[in-house]
Amino acid sequence: MFNEMYGSASFGDAAMRERLPKAVYKQLKEVQAGEAELTMEIAEIVAASMKEWAIAQGATHYTHWFQPMTGLTAEKHDSFISPTNDGRANLEFSGKELIRGEPDASSFPSGGLRATFEARGYTVWDVTSPAFINVEDNGCKTLVIPTAFISYNGEALDKKTPLLRSMQAINKQAMRVLKGLGNETAKRVITTVGPEQEYFLVDADYFHAREDLVLTGRTLFGAMPPKGQEMEDHYFGTISAKASAFMADLNDELWKLGISAKTQHNEVAPNQFELAPIFSVSNVACDHNQLIMQTMKKVAIRHGLVCLLHEKPFRGVNGSGKHNNWSIGTDDGMNLLDPGSTPPRESSVYGFCQRCSCRR
């Protein structure tokens, strides 16, 4: 039962392997690995399969999901409906619609890259991050396609484009070094990250009684807590029934999306908790972390709670960190951050002092 549920709302590798022709699936995997260019022919076949999968899930709309410079996510929904000449309508979704969208970018911050009236912006399909079905509590379902967001001239208008470009730069330079050192088997260097997510759960009635929490996500006034950070009794303590019920519901929602929520426990502060997923490729991990935060908020409401994600919602007790566990590896299984069995000797070779790691 769990195997059937896990990833059921994600158009990930398993769904693509099942629904796409073998030749198309192989070509798409080459595109994802950076070994081939995406053609419109491949995009049309993927779009048709993705549409049929989404409709079977109950979706009526699709959206290009992106991460503008607001710190949040953004989306514009379009239906699959395409009117016909006889007054009816078909459900259609083309490769062009999959690859690129054109939302009005005039109201998004651009970091000063262009004037506000130069409104044109483009969302571009991130082929390496799986599409998924977003299900609202009212039952509405939408096919969500992760994308990058760029200007007409290619400037980044989002948080994802710089990440994707940095991943390409690391791959290029790391492969250059590996080949110089004699590695003939690696074809690609991949960066991964496991982002932990700490959060507070507050009873909804208490939350709405505090205007500062409602407006800012943190307290701005009030007395200091009777205890400071001496909360060893809470850290890794027994999880309460109410929090456990929230976590169980949260895990179900995340697992359906193919997000590998792995670890959950009490954090240091009262009613503070942590969720940690298994690491994945950097851009996918960042997409998943956005989904984790959104799902936390949605699920908390069902349980009469409010999830606080502010880094310091309460003065005098621990704040919430988001520890990012980064790594760099090759496609043939080499961990490039592994210090090896003789790290002092290796660091000395690269010009570092064995005693304190400073440059010689």
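The exercises below concern a predicted model of one protein chain, each with a worked solution.

Residues are numbered from 1 along each chain as its sequence is written. Because the model is predicted, local features need pLDDT of at least 70 and side-chain atom pairs count only at pLDDT 80 or more, while totals for chains, interfaces and linings use all residues; side-chain values use heavy atoms, with hydrogens and water left out.

**Exercise 1. The chain as a whole**

Task: State how many helices and strands the chain has, what it spans along its principal axes, and what share of its residues count as buried.

Solution:
- Step 1. The chain has eleven helices and 16 strands. Helices (H or I, at least four residues) and strands (E, at least two) are DSSP runs, numbered from the N terminus.
- Step 2. The C-alpha trace spans about 70 × 60 × 50 Å along its principal axes.
- Step 3. Of the 360 residues, 41% count as buried. Buried means under 20% relative accessible area, exposed means over 50%, and partly exposed lies in between (1.4 Å probe, protein chains only).

**Exercise 2. An aromatic pair**

Task: Find how the rings of F11 and W53 are arranged, and which parts of the chain the pair ties together.

Solution:
- Step 1. A pair of aromatic rings is described by the distance of the centres and the angle of the planes.
- Step 2. Rings of Phe, Tyr and Trp (its six-membered ring) pair if their centres lie within 6.5 Å; planes under 30 degrees apart count as stacked, over 60 as edge-to-face and the rest as tilted.
- Step 3. The whole structure contains eleven aromatic pairs. For F11 and W53, the ring centres are 5.2 Å apart and the planes stand at 55°, so this pair is tilted.
- Step 4. F11 belongs to strand 1 (residues 10–11) and W53 to helix 4 (residues 40–57), so the pair ties together parts that are 42 residues apart in sequence.
- Step 5. F11 is buried, at 2% relative accessible area, and W53 is buried too, at 5%.
- Step 6. Elsewhere, ring pairs link Y62, F80 and F93 into a cluster.

**Exercise 3. Salt bridges**

Task: Compare the position in the chain of the salt bridge D13 to R17 with that of the bridges made by R302.

Solution:
- Step 1. Side chains of opposite charge can pair when their charged atoms come close. A salt bridge is a side-chain nitrogen of Lys or Arg within 4 Å of a carboxyl oxygen of Asp or Glu.
- Step 2. The structure holds eleven salt bridges. In the one between D13 and R17, the closest N and O atoms are 2.5 Å apart.
- Step 3. Both D13 and R17 lie in helix 2 (residues 13–19), four residues apart, about one turn of the helix. D13 is partly exposed at 29% relative accessibility, and R17 is partly exposed at 48%.
- Step 4. R302 and D249 meet in a salt bridge with an N to O distance of 3.3 Å. R302 lies in helix 10 (residues 282–302) and D249 in helix 9, so this pair ties together parts that are 53 residues apart in sequence.
- Step 5. E253 and R302 also form a salt bridge, at 3.2 Å from N to O. E253 lies in helix 9 and R302 in helix 10, so here the parts tied together are 49 residues apart in sequence.
- Step 6. R302 is partly exposed, at 34% relative accessible area, whereas E253 is buried, at 18%.
- Step 7. D137, D249, E253 and R302 are linked in a network of salt bridges.

**Exercise 4. Two residues with positive phi**

Task: Locate F236 and N271 in the chain and decide for each whether the residue is exposed, partly exposed or buried.

Solution:
- Step 1. F236 has a positive phi of about 60° although it is not a glycine. F236 sits in the loop between helix 8 (211–216) and helix 9 (241–256).
- Step 2. With a relative accessible area of 53%, F236 is exposed.
- Step 3. N271, also not a glycine, has a positive phi of about 60°. The loop that holds N271 runs between strand 12 (261–266) and strand 13 (272–277).
- Step 4. At 41% relative accessible area, N271 is partly exposed.

**Exercise 5. A contact across the sequence**

Task: Describe L254 and give the separation of its C-alpha atom from that of Y6.

Solution:
- Step 1. L254 lies in helix 9 and counts as buried, at 0% relative accessibility.
- Step 2. L254 and Y6 are 248 residues apart along the chain, and their C-alpha atoms are separated by 8.5 Å.
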